[in-house]
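Hi,

Here is the structure we talked about. Please open it first, then read my notes below.

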Amino acid sequence: MREYNTIDDFNFEDKTVLLRVDFNMPLDKNTFEILDTTRIKRALPTIKELIDKKAKIVILAHQGRQGSWDFINLQTHAQALEELLEKPVRFIDDIYKEKAKDAIKNMHAGEIIMLDNVRKFNGETDKKTAEEHAQSELVENLYPLADYFVNDAFAAAHRQQCSLIGFTAVLASCAGRLMEKELTTLGNIISNPEKPSVFLFGGAKFSDTIVTIQRLLEKKTADKIILTGLPANAFLKAEGIKLGEKNEEMLAKEGKPELYEDIKKLLEKYKENIYLPTDFGQQSNTDRSEINVSDLPTNYNLFDIGEKSIENFKSIISDAKTVFLSGPCGVFENPEFMKGTQEIFTYVANSPVYSIVGGGHTVAAVEKLGLNQQINHISTGGGSLEKFMMGEKLPVVEALKNAKNKFS
Ligand code: 3PG
Ligand code: MG
């Protein structure tokens, strides 16, 4: 039995749907152009299905945060959606006042409008329950005009915000297709991955990664953990290895000293399951050179895993049935230090393992390497994916489970 409704559970013909998506995009700082439309593309199946089912579609979304440079209206987003959908999308520069309400009342079947950035509403980011958010001006004004609430914003599923959960208290609600796919696919990986399962972590953050790794090993979700990027450096440091001043400085920006005690404990308990690099690619003057961990410390920046580590990690992956990639193996934006990411990601993409990729930088690396088609599931989540992998409940999913109408 499914714990939440999906698009299959309702008849949308001639019905008004409030569709919450996550179109929070990376923008160009000067032109405010959208730099990557992945999140729009991934919401298209839901939107197209609702059009086919003759719904009247009212899209709700956010961009940036109040006070941030990328906090803009959603006109560009509506235009981008219109181009990708090849159907008109009308932008309304209002969220829940007369202009928005009139537009919604006058819609016809198959029509799409996009309301303005929901974060312009001051109560949007209040941390409240679904019932409390349902008493907001936003929900109270919009819900009487709608029949259903569809949530497809998996990437924002870790937020307890008004437009993400408030409508579930007052409208029959369901998950959109993207939300459904993310929850089903990632849920299977977390609860029942095909074994052996290998989780690779990299990138430039490691404080949250420690908890994630701990949970994955405790629950035996992950059989093996491969560490690259900054998490690898942090684990080596916790083992007492001196990395050199430049590399220690980079770690200091992210990690509090207590974190190393947590890593030490994790390493003691799971020594057999955690794999660290044995060598690195370092930036010596202008070129890349290889350095063994046994030859550290170094005066240079460690910007990639080394050639021996690449081979070792490939052989670990070759035995796996499931591989999860979270974070590039090095500074892949720089061609000299792309090697680890390129070789490992390409190896995963071309092998018969079930492959999952998550996180903004990881997805960007997969795109840059042209591997999209070969990866089994590319998650749109960043923060939400991290929380999900840690085994934490996602407020948006909980709200969908407790939504006003339960059918199954
Ligand atoms: C995201 O991109 O992380 C989500 O859209 C949530 O946005 P937020 O991190 O600003 O809450
Ligand atoms: Mg975020």
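**What I found**

V357 stands opposite I378, a residue of strand β15. That pair is a good place to start looking. Keep in mind that this is a predicted model.

**The sheet around that pair**

Strand β14 covers residues 354–358 and runs parallel to β15. Two bridges join β14 and β15. Both strands belong to an open sheet of six. Its order is β9-β8-β7-β13-β14-β15, with parallel pairing. Which strands sit at the edges? They are β9 (274–275) and β15 (377–378), and each pairs on one side only.

**The second sheet**

Another open sheet also has six strands, in the order β3-β4-β2-β1-β5-β6. The pairing is parallel here too. Its edge strands are β3 and β6 (172–175), each with a partner on one side only. Further in, look at β1 (residues 16–20) and β5 (residues 148–151). They run parallel, joined by four bridges. One residue pair to find there: L19 has V150 of β5 as its bridge partner.

As background, strands of a sheet pair through backbone hydrogen bonds, either parallel or antiparallel.

**I112 and its surroundings**

I112 lies in strand β4. Is I112 buried or exposed? Its relative accessible area is 2%, so I112 counts as buried. Leaving out neighbours within four places in sequence, I112 is in contact with I47, I51, I57, I59, L85, P88, V89, R90 and M107. Take V89 from that list. V89 and I112 are 23 residues apart in sequence, yet their C-alpha atoms are 5.2 Å apart in space.

**Helix α2**

Helix α2 spans residues 75–85. Its buried residues are H77, A78, A80, L81 and L85. Why do they fall on the same side of α2? They cover an arc of only 160° around the axis, and that puts them there. What covers these residues includes α1 (38–52), β2 (56–60), β3 (90–91) and β4 (112–114). Just after the helix comes E86, with a positive phi of about 55°.

**The nonpolar cores**

The largest nonpolar core has 55 residues. Those with the most contacts inside it are F199, I225, L227, F235 and I274. Helix α9 (residues 229–238) gives the largest share of this core, six residues. Apart from it lies another core, of 34 residues. Among them are L50, L85, Y148 and C174.

L227 is worth a click. Not counting residues up to four places away in sequence, L227 touches F201, I213, A232, F235, I274, Y275, L276, P277 and F313.

**The chain as a whole**

The chain has 16 helices and 15 strands. Its radius of gyration is 23 Å, and the globule rule gives 22 Å for 408 residues. The two values are close, so the chain is as compact as a globular protein of that length. The C-alpha atoms fill a box of roughly 70 × 50 × 40 Å along the principal axes.

Of the 408 residues, 56% are buried. The chain exposes about 17,900 Å², and carbon and sulfur atoms supply 46% of that. Now take the contacts with a separation of 6 or more: residues 24 or more positions apart account for 74% of them.

Best wishes

Conventions:
Residues numbered from 1 in each chain as written. Chains lettered and ligands numbered in written order. Predicted model: local features only at pLDDT ≥ 70, side-chain atom pairs only at ≥ 80, totals over all residues. Heavy atoms only, no water. Core = buried A, V, L, I, M, F, W, Y, C linked by side-chain atoms within 4.5 Å. Buried < 20%, exposed > 50% of the residue type's maximum accessible area, 1.4 Å probe, protein only. Contact = heavy atoms within 4.5 Å. Pairing = 2+ DSSP bridges. Rg over C-alpha atoms; globule rule 2.2 N^0.38 Å. Areas by Shrake-Rupley, 256 points an atom, 1.4 Å probe, with all protein chains shown as cover. Arc of directions from axis to C-beta.
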